[in-house]
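Student: I should like to examine the labels attached to this model one at a time. For each, please give the criterion and then the conclusion.

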Amino acid sequence: MSLADFFTPIDLKRITPKKGYYTSQLGQKIEHYSVDFPDLEQKVDIAIIGVQEGRNADNNDGCSHGPDHVREKLYILNEGNYNTKIVDLGNIRQGATVTDTYYALKTVVEELIKQDIFPLIIGGSQDLTYAQYLGYENLEQKVDLVVIDSHFDIEDDAHHGSIETTSASYLSKIFLHEPNYLFNFSNLGYQTYFASQESLRVMEKLYFDVHRLGELSGQVAVTEPIIRNANMISFDVSAIRSAEAMGNANATPNGFYGEEACQLCRYAGFNDKLTSIGFYEYNPAYDSNGQTAMLLAQMVWCFVDGFYNRKRDFPLNPKSQYLIYKTSLKHDDHELVFVKSKKSDRWWMQVPYPTHGSMNERFHLVPCRYEDYKTAVSGEMPDLWWRTYQKLA
């Protein structure tokens, strides 16, 4: 089966401005599926995938109509200072069942990653994150998942014995999936009044990284190492405050500001390790004058900008491009090792595998901040080191 079989073409007449596109705009730069399916044998960096599925959205009927509205705004933005090699594959329509849609998205994500093409998904409801995650099932790698959301979507899943789930319970499906190839989960921007104490205890017990909106407000730079550690990202538009992104039935007064959301997406683009991203829950029925669609288009643009400015500096090759720092703890003879890239000034921390751990590697490199190094210099164990070690055990 060809990937083209999963997609329907874009109706360009509906989204193209009356005066057409200027040569500098993405509408002229992106190769899109409106007549012929793009040739993926040519050099392609990013593939845009619309998914018109929203049947299992939690209180957000209509989000299946989101992809073309975002596309319309994205295509009128100007290309940055780089030559984009982006294709727009069109839309995956609703299958006969939700499971059919999941299968289509899973297959597309898996095949694109195998071809070293980055899947950029525009949904659709956030339960599609599970299908995005299933795309890694046959790739024989552990997955670090980052979700940007005001809620933990770990409600009890009613779809037992099926891969189907809902936008309020898809994380439960991921956490319980067998075989388990999830290494770490991080949430950015949860709001405590939306999180039960039981769910917070679950996150702590599993050594997952969850970060309150208040912890990140005004200092979004602290998210960079967390995002840098992700293989896949799921971004729920309801994580953005309603004044900036009203195009969602579950929008609430508090959340990230629009420029913060764009910065998060730029960090995601910078991440050499990231291999897929999905933007979910945008609902044009609740949007005002297309403002949320434009914000999402700008977020995609910022991701692309980061992608084409990647430093390709994941340690440690060549070693001459990195500085090694070693420090000891106050009450222990244990030595902590940090790595700093000369190219980007970004930091990593070495966490040794337990004796029964990896046969091929002696330590695991985890992205960190300069503040983690300063904590170690003061003689204290960084919390990130301990949580990572527990997960490796």
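Student: In which element does Tyr325 lie, and why does Tyr325 count as partly exposed?

Tutor: In this predicted model, local features need pLDDT of at least 70, side-chain atom pairs count only at pLDDT 80 or more, and totals for chains, interfaces and linings use all residues. Residues are numbered from 1 along each chain as its sequence is written, and side-chain values use heavy atoms, with hydrogens and water left out. Tyr325 belongs to strand β10, residues 322-328; helices (H or I, at least four residues) and strands (E, at least two) are DSSP runs numbered from the N terminus. The relative accessibility of Tyr325 is 25%. Buried means under 20% relative accessible area, exposed over 50%, and partly exposed in between (1.4 Å probe, protein chains only), and therefore Tyr325 is partly exposed.

Student: Which residues does Tyr325 contact, leaving aside its neighbours within four places in sequence?

Tutor: Contact requires heavy atoms within 4.5 Å. With those neighbours within four places in sequence left aside, Tyr325 meets Leu336, Val337, Phe338, Lys340, Trp347 and Tyr373. Ser234 is 91 residues from Tyr325 along the chain, and their C-alpha atoms are 34 Å apart.

Student: What makes Ile277 a buried residue, and where does Ile277 lie?

Tutor: Ile277 is in strand β9, residues 276-280. Its relative accessible area is 1%, and therefore Ile277 is buried. Beyond its neighbours within four places in sequence, Ile277 contacts Phe118, Pro119, Leu120, Ile121, Gln132, Ile233, Ala268 and Phe303. Its C-alpha atom is 9.9 Å from that of Val147, although the two residues are 130 apart along the chain.

Student: What makes a set of residues a nonpolar core, and how many residues has the largest one here?

Tutor: The set must consist of buried Ala, Val, Leu, Ile, Met, Phe, Trp, Tyr and Cys residues joined through side-chain atoms within 4.5 Å. The largest nonpolar core has 55 residues, and those with the most contacts inside it are Ile148, Ile233, Phe235, Phe279, Met299 and Phe303. Helix α11 (residues 291-307) gives the most to this core, namely eleven residues. A second, separate core has 48 residues, including Tyr102, Ile113, Leu171 and Tyr280. In soluble globular proteins, nonpolar side chains tend to be buried together.

Student: Which residues are in contact with Phe235, leaving aside its neighbours within four places in sequence?

Tutor: Apart from those neighbours within four places in sequence, the contacts of Phe235 are Gln126, Ile148, Ile240, Ala261, Leu264, Cys265, Gly278, Phe279, Tyr280 and Met299.

Student: How do you know that Cys265 is in no disulfide?

Tutor: A disulfide is a pair of cysteine sulfur atoms within 2.5 Å. The cysteine sulfur nearest to that of Cys265 belongs to Cys262, 6.5 Å away, and Cys265 therefore fails the criterion. Cys302 also has its closest cysteine sulfur in Cys262, and because the distance is 4.0 Å, it is too far for a bond. Cys265, at 1% relative accessibility, is buried, and Cys302, at 15%, is buried too. A search of the whole structure finds zero disulfides.

Student: What makes an empty space a cavity rather than a pocket?

Tutor: On a 1 Å grid over the protein atoms alone, a cavity is a set of points where a 1.4 Å probe fits but cannot get out, whereas a pocket is an open set with protein on both sides within 12 Å along at least five of seven lines; lining residues have an atom within 4 Å of a point. The largest cavity has a volume (the space filled by probe spheres set on grid points joined across faces, edges and corners) of about 60 Å³. Leu26, Ile30, Leu74, Glu79, Gly80, Tyr82, Thr84, Ile86, Val300, Trp301 and Val304 line it, and α11 gives the most to this lining, with three residues.

Student: What is known of the largest pocket?

Tutor: Its volume is about 690 Å³. Of its 29 lining residues, Lys142, Phe183, Tyr353, His364 and Leu392 are the closest to its centre. Strand β13 gives the most to the lining, with four residues.

Student: Why does Asn59 count as exposed, and Asp345 as partly exposed?

Tutor: Asn59 is exposed because its relative accessibility is 54%, whereas Asp345, at 47%, is partly exposed. Neither is a glycine, yet phi is positive, at about 60° in Asn59 and about 65° in Asp345.
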